[in-house]
Amino acid sequence: MKQASLSRRNFLRVTTLAGGGMMLGFEMLAKALPETVADEVLFSPNAYLVIDPKGIVTLMAPNPEIGQGVKTALPMLLAEELDVDWQKVVVQQAPFDDSKFGNQSAGGSGAVRGRWESARKAGAVARQMLVTAAAQTWSVPESECYTENGFVIHKPSGKKLHYGQLTEKAALLPVPEDVKLKDPKDFTIIGKRVRNVDNKAIITGKPLFGIDTRREGMLFTMVKRPPAFGKKLKSYDDSATLKVPGVKKVVRWKDVVAVLATSTWAAKKGRDALKTEWEDAGPLESTPDHDAAFRKLIYTEAEKPVREDGDAKKALANAKKVLESVYEVPVLSHAPMEPINFFADVRDGKAELYGPTQVPGRCRTDVAKALGIPEENVTLGLPRHGGAFGRKLRSDNAVEAAMISSIAQAPVQLLWTREDDMQGDFYRPSSVFRYRAAIDENNEVNGWYLIAAALNSGRPSIADNFPAGVIPNYRNDAHNLQSNIPTGPWRAPTHNAVAFAEQCFLDEIAYELKKDPVAFRLELLEKAKTPYGNINFNIPRFRSVIELAAKMSNWGVQTPGRYKGFAAYFSFHTYVAEVAEVSVEKGKLKVHKIYAAVHCGQVVNLSGAENQVQGGILDGLGHAWHSALTFDKGAVKENNFHTYKLMRMDDAPPEVEVQFVPSNDPPTGLGEPALPPAPAAVCNAIFAATGKRIRKLPFGPELA
Amino acid sequence: MASFNLQINNRQYTVDVEPDTPLLWVLRDELNLVGTKYGCGIAQCGACTVLMNDNAVRSCSLPVSAVGNNKITTIEGLSENGDHPVQQAWDEADVPQCGYCQSGQILSAVALLKRKPQPTDEDINAAMTNICRCGTYIRIRKAIHLAAQKGGKV
Ligand code: FES
Ligand code: FES
């Protein structure tokens, strides 16, 4: 029989660990419970939830919160099946423990999708056991009992017990293997608007983030890093640094020199006083070199296409007309608002870490490997992240902090400046897309040939993207431009670039064929019913969002002085269609409104879901408008927000209307899919307004 | 090192720091008021916004020696119980995503509402120059209008 109980002493130990020693869990519980009884037995049939004898329900949020709302959404799943009053639950960040929680990562828009079954089951199991405990207490059949808002109620007599009164008995029951989940029509929490569980802590400035970690004896640590990709550290002189008041130690690890001090400012001044000599360790690349190489690659046929149906080259050769366009996107930095940081205390063969990682499992492995200690000697606490966008899918920050702590033999809080972050990122690759479409005698697209090239990328394009499968002669070649500029996943990887190019090119074709862009897409979708090769999208879902966005935006009806653009895209199993409404006056763009229709299966938290869609759209639009990172001999030129521009309030559309296609299907991803179509929807609207195509991002503050 | 007397959140603090230390790091490292955030260090992002008297200032670029007798309010001191009308509006509109920029956004909004209790969209565009990397601008705007409706003491 599995253990369904837990002592409060153990529970506090666990939650204190999750709170990174900031005693968050303890504080919250202590407030709820004046006298804490250490040996009290709590009901905990699984790792997801704990109910104490006073009826306080603590729900665990296993995945890191990076701003995607998972700390609210996952506990909602538990609460729904547990049948508790949402207002009365305490939500805790779970500690990292993959033996209990399985995959605890945040990325690929997968956390809610991955736990849809297991989290609801965890709640349902507990509810079932509480019902059994109550039925036994009253000696009545279970079938006469039901649950509501944290109570088990005996229907015929109206007797009721709150869950807390049943914990002792329930804790002794066997944990049922099989439980019935609710019918979606009975949902009272899932699908509703629920506020972010950390709102109160956020708006009062509580220490929620990795950067807020404070420990006894901790030293604030800054690092001096190579000034360019292709440079390495030759030597350093720390004599001036060690004279800076507050500086305690200087240590070297690989190519970084770390300055440990009693305050951030002392560490920074100490770092500025370091004398370092760098030497070349590889090519020093510049953006114009990449651009020149791209231009060659997109005119080079690949040996092996990533997808080929029919004969695209022949179709192009025999076409009545060939449309050809080249689209370009720049390198981007992740630039999460909270700069890179990590707390590490490594001593006596053990390591305690606390900080932002999207992949705790890999992070622990990487840290253990770097330190040469067993994984079980590494503990890892998971704070809320000040944004991630893919940046924390690598554990470079944790490993660096751990190594510095180990070498310096001191607890450290590593903090990178924004400049360090922009010079030390692994970036969204720049990429170039050359599209050709063959138009035949019947004014149909019967050939499509895309040659894509991207900087240091394993996936320059997405082989099976729409309209693959609907064009008889389709070919996609992809070239990787090798580089020592590190690149990696950035919110909606590859999609974030290719969607812009593809959705703008489809618009160009529609215009050329004198077809309405929405009707044109629906026409293509219709053809997908008898596909060429495989198709990886769901036709009715795709159709549903295209039609809904058209309806929401009154597509086809012109508002004087306003122009509309359309884009539709699917990624992470979610379908999103967007309409942008813009005006352009004297070269100045104004985005008045964006309409978004989304099919993501069952919406879990309506407020959070809408926030993700709006945020994704603004993220896509803001970067398309303003952001580019360029290199000069391996060094980034835009190293802070004065030159690496991000969207601000004045450019944000005042309204982004979001509608979800009603569905009770299992939830699909939502952190990323709204982003890819946004740049194209706006650029297509700019074309409608000005007659000019935008084929290179960012389009900048002044439209020519 | 030099000694400075600071008035923060209606309390008197004495700190012993280098005179060029930005107020941001005094708050975070010396006084453990970590609600004020670091984002860029060059007065660009507004994550470090605090109120000096009633004005929004970027504490990453304000040396502690320049603070003098001015009254500083940080997010921790905006209200006793987190129920300042702007804080309430932020919760009601469910603004935060990651939340990191929000203490700065809230204090910028408070400063705006003190000057203009009923701001227009244009006023909001002009005053709210803080960056939100998560793109919560739509809800920030909504929350400011909501707080303005609540009126009363901001
Ligand atoms: S940290 Fe001060 S404005 Fe960015
Ligand atoms: S909520 Fe994440 S930066 Fe604003």
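**Exercise 1. Determine the strand order and the edge strands of the open sheet in chain B.**

*Solution.* Step 1: the open sheet of chain B has five strands, ordered β2-β1-β5-β3-β4, with mixed pairing. Strands are DSSP runs (E, at least two residues) and helices likewise (H or I, at least four), numbered from the N terminus; two strands pair if DSSP finds at least two bridges between them.

Step 2: β2 (11–17) and β4 of chain B each have a single partner strand, so they stand at the edges and one side of each lacks a neighbour in the sheet.

Step 3: from one strand to the next, the twist averages 45°.

The model is predicted: local features need pLDDT of at least 70 and side-chain atom pairs pLDDT 80 or more, whereas totals for chains, interfaces and linings use all residues. Residues are numbered from 1 along each chain as its sequence is written, with chains lettered from A and ligands numbered from 1 in the order in which they are written.

**Exercise 2. Characterise the pairing of β1 (residues 2–8) with β2(B).**

*Solution.* Step 1: the two strands of chain B run antiparallel and share seven bridges.

Step 2: Q7(B) has Q12(B) in β2(B) as its bridge partner.

**Exercise 3. Describe how domain 1 of chain B meets domain 2 of chain B.**

*Solution.* Step 1: an automatic or database assignment gives domain 1 (2–77) and domain 2 (85–150).

Step 2: in domain 1 of chain B, 14 residues contact 13 residues of domain 2 of chain B, a contact being C-beta atoms, placed from the backbone, within 7 Å.

Step 3: on the domain 1 side, β3(B) gives the largest share, three residues.

Methods
Contact = placed C-beta atoms within 7 Å. Axes fitted to C-alpha atoms, helices over the stretch in contact; angles between N-to-C directions.
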